[in-house]
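Biologist: Please take a close look at one exposed spot in a loop for me, then work your way out from there to the rest of the fold. I'd like the cut-offs along the way.

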Amino acid sequence: MTQFHIQKLCPILGAEVHGIDLSNSIDDETFASLYKAWLDNDGLLVFKNQCLTPDQQVAFSRRFGPLFGEADQFQETVLKYLLPGQPAIFRVSNKLKDGEPQGRPKAGNYWHSDVSFRAKPAQASLLYAIEVPASGGDTLFVNMYAAYSELSSGMKDMIGNLRAIHDFAVAAENSGTYTADQLLQTDFDGQNRHIHPVVITHPETKRQALYVNPGFTAAIDGFASAESEPLLNMLYNHALRHEFIYRHRWEVGDLTVWDNRSLMHYAVVDYEDSRYLHRTTVIAETPSQ
Ligand code: OGA
Ligand code: MN
């Protein structure tokens with residue numbers, strides 16, 4: 001068992017981990033206490049000063065569960081951004097090399113929960129910073145347990161049995177970050193559209209969280225759009241209170257691990273310097289109410 005030290009990042013969510021070198025293999029007991037710390041801090045851990053090869057990042061990520069790129073495919077749009085030779089790593093970057101993008105530019109420049117448009121969405125996402133701008137390119141995280149628990153009992157009753165349609169096409173159409181030639185017809189095939197409960201119970205913590213997001217949620221199932229849009233917008237405005245948000249300012253060597261079942265995140269695109277990160281994505285169980 002490796003002793004590590006945890007320091008809260010802010011009152012609402014997240015903690016920094018000190019004393020762990022993820023390039024070494026982590027024994028089961030240490031992993032179990034890291035996993036507990038991850039759940040206890042509402043689903044965000046930041047490991048500082050790491051130096052990880054792609055294979056080391058993949059090996060650590062597999063401890064959380066099966067990975068996109070191995071156990072299931074990523075959506076078509078991101079396939080060209082996978083790291084050659086390591087299909088479990090999705091590259092996020094604004095860099096070009098010989099005219100070729102080195103990763104997906106502006107990935108996640110909208111509030112979302114990774115892959116929520118799939119029957120089995122993302123559980124953990126692990127994002128490792130290799131190159132970051134001197135300033136800018138922060139990532140925001142919002143606590144969806146807190147967003148749910150701070151709703152009135154009347155609103156909780158009203159939304160408790162609702163379901164929402166999640167559809168990759170929402171990001172494609174609304175985000176402005178996908179150009180027409182980045183999109184492929186297969187992105188819109190049935191597997192990138194799924195209906196999930198509006199309120200989910202986290203399978204491990206058993207806590208309830210709001211599970212709708214502006215990036216991928218198309219509508220409340222069974223509602224007219226004139227009914228669905230105001231309700232979703234009210235929930236987003238409520239969830240995005242400043243008090244529920246942590247803003248991560250990246251340093252090279254940071255590995256963040258976030259839980260897509262309890263957090264939404266947003267990549268701020270306000271920089272021109274090079275930014276290059278490696279993401280691994282763990283496949284979740286189908287969310288349930
Ligand atoms: C992602 C994402 C955030 C960032 O890759 O899923 O949302 O800050 N990235 O790059
Ligand atoms: Mn994302």
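Modeller: Lysine 206 is exposed, because just 7 other C-beta atoms lie within 10 Å of its own. The cut-offs, with C-beta atoms placed from the backbone, are 12 or fewer neighbours within 10 Å for exposed, 20 or more for buried, and partly exposed in between. This is a predicted model, where local features need pLDDT of at least 70 and side-chain atom pairs count only at pLDDT 80 or more, while totals for chains, interfaces and linings use all residues. Residues are numbered from 1 along each chain as its sequence is written, and chains are lettered from A and ligands numbered from 1 in the order in which they are written.

Lysine 206 sits in the loop between β12 (199–201) and β13 (208–210); strands are DSSP runs of E with at least two residues, helices are runs of H or I with at least four, and both are numbered from the N terminus. Its phi is near 65 degrees, a positive value in a residue other than glycine. For background, most residues other than glycine have a negative phi.

What about valine 115, is it buried or exposed? Valine 115 is buried, with 25 other C-beta atoms within 10 Å. Its phi is positive too, near 60 degrees, and it belongs to the loop between β7 (100–101) and β8 (122–131). Aspartate 42, just after α1, also takes a positive phi, about 65 degrees. The helix before it, α1 (residues 28–40), has 13 residues that should span 18 Å at 1.5 Å a residue, and its end C-alpha atoms are 18 Å apart, which agrees. The expected span is 1.5 Å times one less than the number of residues.

Helix α7 (residues 225–239) gets the same check: its 15 residues should span 21 Å, and the end C-alpha atoms lie 20 Å apart, which agrees. Leu232, Leu235 and Ala239 are buried in α7. Down the helix axis, the buried residues of α7 fall within an arc of 60 degrees, so they line one face; the arc is that of the directions from the helix axis to the C-beta atoms. Turned away from that buried side are the exposed residues Ala226, Pro230, Asn233 and Asn237.

Now for the sheets. Two strands pair if DSSP finds at least two bridges between them. One open sheet has three strands in the order β15-β9-β17, with antiparallel pairing. β15 (245–248) and β17 stand at its edges with a single partner strand each, so one side of each is left without a neighbour in the sheet. The twist averages 20 degrees from one strand to the next, with axes fitted as lines to C-alpha atoms and angles running from 0 to 180 degrees between N-to-C directions. β9 (residues 139–143) is joined to β17 by five bridges and to β15 by four. Within those pairings, valine 142 stands opposite methionine 264 in β17, and phenylalanine 141 has tyrosine 246 of β15 as its bridge partner.

β17 is mostly covered, with five of its five residues buried. Leu263, His265 and Ala267 point one way from it, Met264 and Tyr266 the other.

That strand also leads to ligand 1. Its shell consists of Val92, Ala107, Gly108, Asp114, Ser125, Thr139, His265, Ala267, Leu277 and Arg279, counting a residue as near if its C-beta atom, placed from the backbone, lies within 6 Å. β17 (263–267) and β18 (276–283) each supply at least two residues of the shell.

β18 is also part of an open sheet of eight strands, ordered β1-β2-β3-β16-β8-β18-β5-β4, with mixed pairing. Here β1 (5–8) and β4 (82–83) take the edges with a single partner strand each, so one side of each has no neighbour in the sheet. β2 (residues 15–18) and β3 (residues 44–47) run parallel, joined by three bridges, and alanine 15 stands opposite leucine 45 in β3.

One more loop, between β15 and β16 (255–259), holds glycine 253. Glycine 253 is partly exposed, with 15 other C-beta atoms within 10 Å. Glycine 253 and alanine 129 are 124 residues apart in sequence, yet 5.5 Å apart in space, C-alpha to C-alpha.
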